[in-house]
Amino acid sequence: MKAKKVKVGIIGLGWPGREHLKGYVAAKEAELVAVCDKNEKLLAEQADTYKIPERYTDHKEMLARADIEAVSVCLPNFLHKPISADVLNAGKHAFCEKPPTLNAREAAELAALSRKKRKLLLYAFVQRFSPEAQYVRRLVDRGELGEVYFGKAGYIRTRGIPIGAGGWFVDKKRAGGGALIDIGVHPLDCVWWLMGSPKPVSVLGRAYQKFRHAVRKDITFDVDDSAFAMIRFENDATLMLECSWALFRESRGIREIAGTKGGVNLSPLSVLSERDGVMLTTTPQLKKANAFEGEVRHFCRCVLGQEKPIPTAEQGVTLMKMLDAVYQSSQTGKEVRIR
Ligand SMILES: NC(=O)c1ccc[n+]([C@@H]2O[C@H](COP(=O)([O-])OP(=O)(O)OC[C@H]3O[C@@H](n4cnc5c(N)ncnc54)[C@H](O)[C@@H]3O)[C@@H](O)[C@H]2O)c1
């Protein structure tokens, strides 16, 4: 018998949308039947290259197709909430790019809609699907690191302020925030997940804008270009977060966790442990795998009922609460409690 494939559509064909596209084309669980982008040239180019039968410039027309079961939403941040809601309201499962939404209120509304419509809502936290993160999560689940009580998450760019189509990345109304919500969210999510997604209870943070001069004057730029925070959790664990679009520091990713029996650095991967009073560093050699393909295959398997969602709608709400709290703490100068 032929294995069932999920009929999928994609809205938004920027860089991440095209990574979803290649992932679906490669996935044996998916049949990519339609793509949508309001940029007609890009739409035609991608649909022709990958021989996708249906193409749309209006997402509502695409969502009217009864056969589509699941949709990737790869649009600017301010469209995540309304267009993911359109997807769920059309009776389809949604796979939305990061950050989940502009703030925690929007994420909570979307999570409620997903429950009401009984349709899946997953967020595309691609770092969870890297071979390194999957491997480390297995170590944590087997208790090999003991009680994990420290995490460090970072994404440092020396220079790299994104503008996006129409400058939306640096406009608070359309992006929700700057470096923190754009790139800080990636390692924050990954490290938090590796720590077992503990419940956050308080945040002390500071967001800065020091590189206004690096962006054209006619572009609205009212967001942070770096941010730093300390997050404490109900289980007494602590996570330190640092991120920048522009900073006088070397560009790098930081993902580390430490427990009572061992610690891990994911970038590059090394595992620290102790045996007979001797410190051991191991450097596991993992098979390479495309994390975008991994995440879209996981989404399809969830739709097929073969797997349970790894990045859930509820986790999206908690994550947005942490980000909101960093911005609030930065404004008030005080530690912010999270409920
Ligand atoms: N997972 C990752 O590593 C990663 C990397 C980059 C961006 N992102 C996220 O992906 C999202 C999109 O980012 P981007 O860099 O592609 O942005 P972008 O501005 O470059 O492109 C978005 C695309 O969506 C299209 N579009 C905009 N409004 C539309 C609408 N109403 N209907 C149909 N098409 C529409 C645009 O024409 C464009 O092609 C953002 O939320 C961003 O945070 C994720």
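## Salt bridges, to begin with

A salt bridge here is a side-chain nitrogen of Lys or Arg lying within 4 Å of a carboxyl oxygen of Asp or Glu. Keep that rule in mind as you look at this predicted model: across the interface of domain 1 and domain 2, it finds 1 salt bridge.

The partners are Lys-98 and Asp-182, and their closest N and O atoms sit 3.0 Å apart. That distance is within the 4 Å cut-off, so the pair counts.

## Meet the two domains

The domain assignment splits the protein chain into two parts, each made of two stretches. Domain 1 covers 6–125 + 293–308, while domain 2 covers 128–289 + 319–337. Taken over C-alpha atoms, their centres are 25 Å apart. Where they touch, domain 1 puts in 15 residues and domain 2 puts in 16 residues.

## What gets covered up

How much area do domain 1 and domain 2 bury between them? It's about 1,400 Å², with 70% of it on carbon and sulfur atoms. On the domain 1 side, Lys-98, Leu-102 and Phe-125 lose the most area to domain 2, and together they make up 41% of what that side buries. So Lys-98 turns up twice: in this list and in the salt bridge with Asp-182.

## A closer look at the domain 1 side

Polar contacts join in too, with 5 residue pairs counted between domain 1 and domain 2. Helix 5 (104–117) and helix 9 (291–303) are the elements giving two or more residues to the domain 1 side of the contact. Helix 9 has the largest share there, with 3 residues. Sorted by class, that side of domain 1 has 8 nonpolar, 5 polar and 2 charged residues.

Definitions and conventions
Residues numbered from 1 in each chain as written. Predicted model: local features only at pLDDT ≥ 70, side-chain atom pairs only at ≥ 80, totals over all residues. Heavy atoms only, no water. Domains from an automatic or database assignment. Contact = heavy atoms within 4.5 Å. Buried area = accessible area lost by both parts, 1.4 Å probe. Polar contact = N/O pair within 3.5 Å; in protein donor to acceptor, adjacent residues only side chain to side chain. Helix = DSSP H or I, 4+ residues; strand = E, 2+ residues; numbered from the N terminus. Nonpolar A, V, L, I, M, F, W, Y, C, P; charged D, E, K, R; others polar.
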